[in-house]
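Work through the exercises below with the sequence and the model at hand. Each task is followed by a solution in steps.

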There are 4 protein chains.
Amino acid sequence: MPKIVDRDKYRQELLMKSFDLFAQKGYSSITMRQLAQEIGVSTGTLYHYFPSKEALFLQLSAELERQNVMNFLAEAGNPPTLKERIESLFQFVAKHEDHIGKQTLLWIEFNQHQDWSNSGIKEKLQELDEQTISELAKYMQITDRAIVDFVFNLLYGLILRRLFGEETISYSQQGALVGKMLAHHLGEDT
Amino acid sequence: MPKIVDRDKYRQELLMKSFDLFAQKGYSSITMRQLAQEIGVSTGTLYHYFPSKEALFLQLSAELERQNVMNFLAEAGNPPTLKERIESLFQFVAKHEDHIGKQTLLWIEFNQHQDWSNSGIKEKLQELDEQTISELAKYMQITDRAIVDFVFNLLYGLILRRLFGEETISYSQQGALVGKMLAHHLGEDT
Amino acid sequence: MPKIVDRDKYRQELLMKSFDLFAQKGYSSITMRQLAQEIGVSTGTLYHYFPSKEALFLQLSAELERQNVMNFLAEAGNPPTLKERIESLFQFVAKHEDHIGKQTLLWIEFNQHQDWSNSGIKEKLQELDEQTISELAKYMQITDRAIVDFVFNLLYGLILRRLFGEETISYSQQGALVGKMLAHHLGEDT
Amino acid sequence: MPKIVDRDKYRQELLMKSFDLFAQKGYSSITMRQLAQEIGVSTGTLYHYFPSKEALFLQLSAELERQNVMNFLAEAGNPPTLKERIESLFQFVAKHEDHIGKQTLLWIEFNQHQDWSNSGIKEKLQELDEQTISELAKYMQITDRAIVDFVFNLLYGLILRRLFGEETISYSQQGALVGKMLAHHLGEDT
DNA sequence: AATGAATGAGAGTTCATTCAT
DNA sequence: CATGAATGAACTCTCATTCAT
């Protein structure tokens with residue numbers, strides 16, 4: 001029972017410790033008791049730092065999204081061609097598939113919870129997602145919104161299907177495919 | 001013998017009546033009591049026809065998947081070019097977006113339930129999905145598995161993102177895009 | 001686990017069985033679990049018959065109030081003079097002090113719960129109380145509202161103070177006192 | 001020695017600052033945290049000055065009772081007739097109805113707490129009440145205990161009923177009534 | 001002396017499932 | 001076959017109190 005020095009830092013710590021459990025079991029399956037037990041604190045402590053399960057989850061989501069973009073930009077390098085940059089994105093997802101897959105699951109479950117329909121929470125989350133995508137679009141230097149959506153639809157669908165067992169689909173293959181097609185497509189248009 | 005037919009027919013009826021509720025609230029939010037009440041039977045009756053909530057849900061999923069393919073093949077016609085066939089698929093999804101979206105959500109929620117990790121249920125569901133896709137692939141006359149996956153990744157991602165608020169992305173636009181690209185891509189390769 | 005024949009009858013039964021516990025411990029001290037255990041059912045059953053602890057309590061209050069008036073009118077007889085009728089009332093309260101005291105406590109606690117400030121519950125309860133008083137006023141043949149209030153203020157105060165330990169105050173003495181005074185007072189006015 | 005004075009003085013201060021919150025929410029609804037926050041200290045500090053919530057509350061009650069009598073005697077003047085003195089008492093209560101009502105509520109809630117049945121706390125509280133009444137009896141120069149009780153039963157009942165919504169009953173009317181009756185009654189007896 | 005983080009038992013409530021009728 | 005009353009474990013969240021700092 002040591003006294004905590006930095007409240008916000010400790011909150012962060014709790015957040016990160018709770019990620020694995022949320023990811024493994026999903027938002028509604030995990031209970032606050034399990035969460036507390038696994039983290040090694042009491043439920044009371046959890047509620048001392050977060051007003052509710054929902055709030056804890058929301059903060060976690062925001063934090064994860066933030067880290068993701070950061071990590072990608074740090075790892076991705078800056079290849080000259082669009083094809084390479086797209087492949088770089090797909091490679092990044094492939095490399096961190098486990099982590100990103102879990103996040104995607106959380107994001108989906110978040111969106112499903114209909115109790116939150118009127119609370120403005122979904123809007124926050126959506127905004128978060130838009131931000132991420134627009135930052136990545138900037139990185140890839142694609143300005144046409146339809147193309148951006150094309151790439152991310154493909155990517156999300158791929159993540160989703162692999163998540164649920166279609167493990168024969170490969171990131172590198174699909175990445176190469178879309179890279180090549182886009183190069184043609186854009187090349188012709190210009 | 002006729003008894004069995006009646007029994008199965010009634011089961012079907014219960015199934016279809018339960019779809020709306022499942023679609024509206026999601027698997028875990030709906031309770032067996034609500035389900036029974038809405039359908040107009042007792043919980044006991046529900047359990048008489050289905051061994052568990054899970055089983056009821058699984059049967060519902062299978063039924064929906066079956067109907068979906070059927071409807072599509074009936075509506076789609078048989079256009080001569082690949083581009084048109086793909087656009088036909090995207091149009092079909094656009095037209096029945098509400099229905100298909102809800103199904104997708106159920107499918108996702110189903111997959112998330114970790115209690116079912118070891119029960120072979122997920123495998124069944126996956127198989128169901130594979131069947132659907134392979135039938136649609138046959139319709140589109142695509143044989144290359146990577147291309148099939150490409151199209152369906154895009155489609156699933158699109159459905160998913162529209163589901164969660166990105167309503168500015170359009171089915172027809174993305175369908176046209178992938179149709180055009182694929183035509184180029186395959187045209188060049190052959 | 002026998003099947004219950006008459007839902008409403010059984011609800012009544014549960015209500016009456018719960019009275020003692022509520023009375024002994026007060027509304028907020030008693031838990032639904034204790035209540036269920038003592039009655040000999042599960043918490044689930046309690047919630048099967050009553051939507052909430054609050055609703056259970058409200059129904060109990062209404063039922064008690066109803067029974068009280070009924071019992072009093074049955075026991076009280078119909079003496080010719082006001083003094084005797086008042087004394088009859090005080091005697092009734094004295095005789096059933098335990099029961100009425102407990103009820104009063106519940107009534108008080110009910111009124112205290114500020115969560116219910118805006119729910120119209122207090123109004124219902126107040127109305128219940130007014131009804132009781134006006135019926136008793138009719139019995140005593142007092143029409144002047146101020147006098148009615150006088151008698152009931154005295155009576156409530158007496159119940160309250162005895163409840164909390166002042167057991168030296170006597171119902172018969174105070175009843176006789178108010179009876180005598182009122183006789184004088186009203187005799188002079190007429 | 002001066003330390004002790006300071007300590008007690010601070011305790012007093014905390015006590016008075018806590019009154020409003022207790023009065024607003026009632027004993028069991030208010031939490032020690034809220035109390036501390038509102039007062040502007042930590043929960044630790046609260047527990048440094050009072051061994052428990054219960055003890056804090058008991059001390060508060062004693063203090064309030066003390067102040068009440070003091071204020072009344074200061075405000076009441078010393079009219080010559082019993083009728084006037086009684087009316088003076090009722091007027092005092094009417095004037096401070098809000099404050100006294102809240103106190104009464106606290107006193108009631110206190111008495112209800114059954115955990116304290118064996119702790120001698122109720123006895124202390126009762127004693128407190130007796131003291132108050134006997135001091136007020138002395139002021140009114142009534143020696144007959146039955147009459148004293150009569151007046152205070154009426155008064156408590158009145159406070160109670162007004163507290164719970166019967167706001168049509170008036171202090172001055174009921175005070176005048178009891179004053180007049182008592183004057184007759186005692187006049188005749190002597 | 002003063003702080004506030006930490007505790008954990010216990011609150012009201014829900015719900016898939018069972019089984020007497 | 002059909003019913004719905006009954007179960008009880010498990011849920012989120014609260015709060016008086018303790019104690020390291």
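**Exercise 1: the fold of chain A**

In chain A, 67% of the contacts with a separation of 6 or more are between residues 24 or more positions apart, a contact being heavy atoms within 4.5 Å. The model is predicted, so local features need pLDDT of at least 70 and side-chain atom pairs pLDDT 80 or more, while totals for chains, interfaces and linings use all residues. Residues are numbered from 1 along each chain as its sequence is written, chains are lettered from A and ligands numbered from 1 in the order in which they are written, and side-chain values use heavy atoms, with hydrogens and water left out.

Task: describe the secondary structure, extent and burial of chain A.

Solution.
- Step 1. Count the elements: chain A has nine helices and zero strands, where helices (H or I, at least four residues) and strands (E, at least two) are DSSP runs numbered from the N terminus.
- Step 2. Take the extent: along the principal axes, the C-alpha atoms occupy a box of roughly 65 × 35 × 35 Å.
- Step 3. Take the burial: of the 190 residues in chain A, 51% are buried (buried is under 20% relative accessible area, exposed over 50%, partly exposed in between; 1.4 Å probe, protein chains only).

**Exercise 2: relations between chains**

Task: determine how chain A relates to chain B, and examine the pairs A–C and B–D.

Solution.
- Step 1. Superpose: a turn of 178° with a shift of 0.1 Å along the axis lays chain A on chain B with an RMSD of 0.5 Å, by least squares on the C-alpha atoms of residues with pLDDT of at least 70 in both.
- Step 2. Interpret: the two copies are thus related as by a two-fold rotation axis.
- Step 3. Compare the surfaces: 100% of the contact residues of chain A recur in chain B, so the same surface serves both copies.
- Step 4. Check the other pairs: chains A and C do not touch, with nearest C-alpha atoms 21 Å apart; chains B and D do not touch either, at 32 Å.

**Exercise 3: salt bridges**

Task: locate three salt bridges and state the burial of their partners. A salt bridge is a side-chain nitrogen of Lys or Arg within 4 Å of a carboxyl oxygen of Asp or Glu.

Solution.
- Step 1. Within chain A, Lys102(A) pairs with Asp98(A), the closest N and O atoms being 3.4 Å apart. Both lie in helix H6 (residues 97–112), four residues apart, about one turn of the helix. Lys102(A) counts as buried at 19% relative accessibility, whereas Asp98(A) is exposed at 53%.
- Step 2. Within chain B, Arg11(B) and Asp8(B) form a salt bridge (2.9 Å, N to O). They are three residues apart in helix H1 (residues 2–25) of chain B, about one helical turn. Arg11(B) is buried at 18%; Asp8(B) is partly exposed at 37%.
- Step 3. Asp149(A) and Arg161(B) form a salt bridge (3.4 Å, N to O). Each lies in helix H8 (residues 145–163) of its own chain, so the pair joins two chains. Both residues are buried.
- Step 4. Extend the pair: Glu130(A), Arg145(A), Asp149(A), Arg161(B) and Glu166(B) are linked in a network of salt bridges.

**Exercise 4: an unpaired charge**

Which side chain of opposite charge is nearest to Arg85(A)?

Solution.
- Step 1. Place the residue: Arg85(A) lies in helix H5 (residues 82–95) of chain A.
- Step 2. Search for a partner: the nearest is Glu84(A), 6.9 Å away, and Arg85(A) is buried yet has no salt bridge.
- Step 3. List the surroundings: not counting residues up to four places away in sequence, Arg85(A) touches residues including Asn78(A), Tyr139(A) and Gln141(A).

Key
Lys, Arg positive; Asp, Glu negative; His and termini not counted.
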